[in-house]
Structures are given as structure tokens and as C-alpha cells.
Amino acid sequence: NAPRHELTSTELDDISRLLGEIVSLHKQLDAARLRAANLEAAMRAALSADHDGEEDPLFYLRDELAGDSGGRV
């Protein structure tokens with residue numbers, strides 16, 4: 001058995017801060033994954049639209065990109 005180590009208040013504060021950072025990074029990773037999935041879907045839609053001869057196949061990409069830039073592409 002290893003000896004028990006009582007955590008100091010500084011160590012507990014560090015653990016709390018690090019857990020908060022992990023949660024924040026996880027949220028950012030989730031957002032990045034969703035962004036990538038949405039962009040991939042828009043790219044696939046644009047390619048399909050081009051293949052089908054639609055008049056404006058890049059609409060799907062512009063629409064997805066405009067969602068992140070407040071309407072600016």
C-alpha cells in the first residue's frame with residue numbers, strides 16, 4: 001500500500017482549474033467536429049448539385065460559410 005497523501009488547498013484548486021480546462025477543451029472539440037461535419041455535408045451537397053447540373057451548386061457552401069460569418073462570405 002502506498003502512503004496516503006492529503007491534498008492541499010492549492011492542489012485542489014489546481015485540480016479544479018484543470019478540470020474546468022478539460023471541460024472547456026471538450027466543448028471546443030465538439031464544436032470543431034460539428035463544424036467539420038457541416039462543412040463536409042455542404043461540400044458533398046455542392047458536388048452533387050454540380051453533378052446534377054444545378055444552376056448554383058456553390059450555394060450550399062456559401063450558405064454554410066455565411067452561417068459563421070454573420071452573412072459575409
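A salt bridge is taken here as a side-chain nitrogen of Lys or Arg within 4 Å of a carboxyl oxygen of Asp or Glu. In this predicted model, a search of the whole structure returns 4 such contacts, including the three described below.

A good place to begin is the pair formed by Arg 17 and Asp 14, whose side chains meet with an N to O distance of 3.9 Å. This pair qualifies because the cut-off is set at 4 Å. Both residues belong to helix α1, which spans residues 9-51, and they sit 3 residues apart, about one turn of the helix. Arg 17 is exposed, at a relative accessible area of 53%, while Asp 14 is partly exposed at 34%. Arg 17 earns its label because exposed means over 50% relative accessible area.

Helix α1 also hosts the salt bridge between Arg 44 and Glu 40, with 2.9 Å from N to O. Here the two partners are 4 residues apart, again about one turn of the helix. Arg 44 counts as exposed, with 55% relative accessibility, and Glu 40 as partly exposed, with 38%.

The pairing of Glu 64 with Arg 35 brings in a second helix: the closest N and O atoms of this salt bridge lie 3.4 Å apart. The contact links distant parts of the chain, since Glu 64 is in helix α2 (residues 59-68) and Arg 35 is in helix α1, 29 residues apart. Glu 64 has a relative accessible area of 22% and is partly exposed; Arg 35, at 25%, is likewise partly exposed. Neither residue counts as buried, because that class is reserved for values under 20%.

Key
Residues numbered from 1 in each chain as written. Predicted model: local features only at pLDDT ≥ 70, side-chain atom pairs only at ≥ 80, totals over all residues. Heavy atoms only, no water. Helix = DSSP H or I, 4+ residues; strand = E, 2+ residues; numbered from the N terminus. Buried < 20%, exposed > 50% of the residue type's maximum accessible area, 1.4 Å probe, protein only.
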